Amino acid sequence: MSNYKIAVIGGDGIGPEVTNEALKAVRAAGVSFEATDFELGAKHYVTTGEVLSDETLESLKKFDAILLGAIGPAIGSKEVPPGILERGLLLKLRFALDLYINLRPFSGTKSSLSNGNQLYVVRENTEGPYAGEGGQLRPGTPFEVATQGSVNTYHGVARCIRFAFELARDTERKHLTLVHKTNVLVYAGSLWERIFEETSKEFTDVETSYSHVDAATIYLVNDPSRFDVIVTDNLFGDILTDLAGAVYGGIGLAASANLNPVKTGPSLFEPVHGAAHDIAGQKKANPLGAIRSAAMMLKHLGESEAAKRVEEAVLSVSDQIDSRAWSTTEIGDAVAERV
Ligand code: IPM
Ligand code: MN
């Protein structure tokens, strides 16, 4: 069996705690790996001034996968202005490693609003409003102008939609919904819509539908089982997956894979939740999102059987715990035992 080289960015707040539990589960699954810690994040930035150097980026490229806990300063922190770490670290990694898919799976649990169905959100991860197009004129004056564009390329949209069709073809229901706002964002919407139509002709076994993003938020709360796989743009995907996290058993359980599906470099796996500084160091964090992200990492590395065992252990533990009463390590141990 391979000895995988895994770069671990524990990061800030509860990040390192939940990442430890994720690695515990990988170990319990019998997959051998060598973990290398990278000190990155708000604390590292404040002490050293480094957000992500070219040198660190180059060394990350040599790993088989990157496991990330959470990045970000405490809310209201004056030392790290908004955008520095988001754009300089997390988005830089997504762009530089061409992690063009952000895959977020959600499963119904006993405590969730969903009826036990499975949902995948395929979020485009390198374009849209995240591309950083725009600028300011005359900032700080009454005549200030701010623009923030959305970048949508044929190439970027096509590869994302193709990934989603391939995924939908493998689900039980084989159903794919495009979520956008084609009635208002007409230029980007038309591109997404045309490519969606075009690609659907190659996947005749996949049933398709379309939903405007505002309506999709209602459906997600009232009747999430109408969805199977959703494909959507970067910002809509960001918002919808926080909502889906809340609907499907809480954000503590939500996992994500930032994928480079063609494997020209490592992919990055992280829970959807943030650094939660308010509960850091108190063993109160729910590590299930991080552990489930590690299961996605195993799957991407080709360890499907181990991935399945970790994923099933997470879901079985999530049905049993009240995460407020169990400590981070107790939950992690329970998962490792079941693996
Ligand atoms: C996420 C996060 C990030 C995003 C932030 C931290 C830049 O919210 O992964 O969903 O907006 O993509
Ligand atoms: Mn988000």
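User: What makes the contact between the side chains of Lys92 and Asp54 a salt bridge?

Analyst: In this predicted model, the N to O distance between the two side chains is 3.8 Å. The cut-off for a side-chain nitrogen of Lys or Arg and a carboxyl oxygen of Asp or Glu is 4 Å; the pair Lys92 and Asp54, at 3.8 Å, therefore qualifies as a salt bridge. The structure holds twelve salt bridges.

User: Why is the pair Lys92 and Asp54 said to link distant parts of the chain?

Analyst: Lys92 belongs to helix H4, whereas Asp54 belongs to helix H3 (residues 54-60), and the two are 38 residues apart.

User: How do you know that side chains make polar contacts with ligand 1?

Analyst: Three distances support this conclusion. A polar side-chain atom of Tyr130 lies 2.6 Å from an oxygen atom of ligand 1. For the side chain of Arg123, the distance from an N or O atom to a ligand oxygen is 2.7 Å, and for a polar side-chain atom of Asp238 it is 2.9 Å. The limit for such a pair of N or O atoms is 3.5 Å, so Tyr130, Arg123 and Asp238 each make a polar contact with ligand 1. The protein covers 75% of the 320 Å² of accessible area that ligand 1 has on its own.

User: What makes up the shell around ligand 1, by residue and by class?

Analyst: The surrounding residues are Glu86, Leu90, Arg94, Arg104, Arg123, Tyr130 and Asp238. By class, five are charged, two are nonpolar and none is polar. Tyr130 falls in the nonpolar group because Tyr is counted as nonpolar. Helix H4 (residues 84-96) supplies the largest share of the shell, three residues.

User: What is known of the second largest pocket, and which element gives the most to its lining?

Analyst: The volume of the second largest pocket is about 990 Å³. Its lining comprises 30 residues, with Leu103, Gln118, Tyr120, Leu167 and Lys299 nearest the centre. Elements that contribute two or more residues include strand S4 (101-107), helix H5 (154-169) and helix H9 (288-300). H10 gives the most, six residues. The lining divides into 14 nonpolar, eleven charged and five polar residues.

Terms used: Residues are numbered from 1 along each chain as its sequence is written. Chains are lettered from A and ligands numbered from 1 in the order in which they are written. This is a predicted model: local features need pLDDT of at least 70, side-chain atom pairs count only at pLDDT 80 or more; totals for chains, interfaces and linings use all residues. Side-chain values use heavy atoms; hydrogens and water are left out. On a 1 Å grid over the protein atoms alone, a cavity is a set of points where a 1.4 Å probe fits but cannot get out, and a pocket is an open set with protein on both sides within 12 Å along at least five of seven lines; lining residues have an atom within 4 Å of a point. Grid points are joined across faces, edges and corners, and a volume is the space filled by probe spheres set on the points. Helices (H or I, at least four residues) and strands (E, at least two) are DSSP runs, numbered from the N terminus. A residue is near a molecule or strand if one of its heavy atoms lies within 4 Å of it. A polar contact is a pair of N or O atoms within 3.5 Å; within protein, one must be able to donate a hydrogen and the other to accept it, and residues adjacent in sequence count only if both atoms are side-chain atoms. Accessible areas come from the Shrake-Rupley method with a 1.4 Å probe; for residues, only the protein chains shown count as cover.
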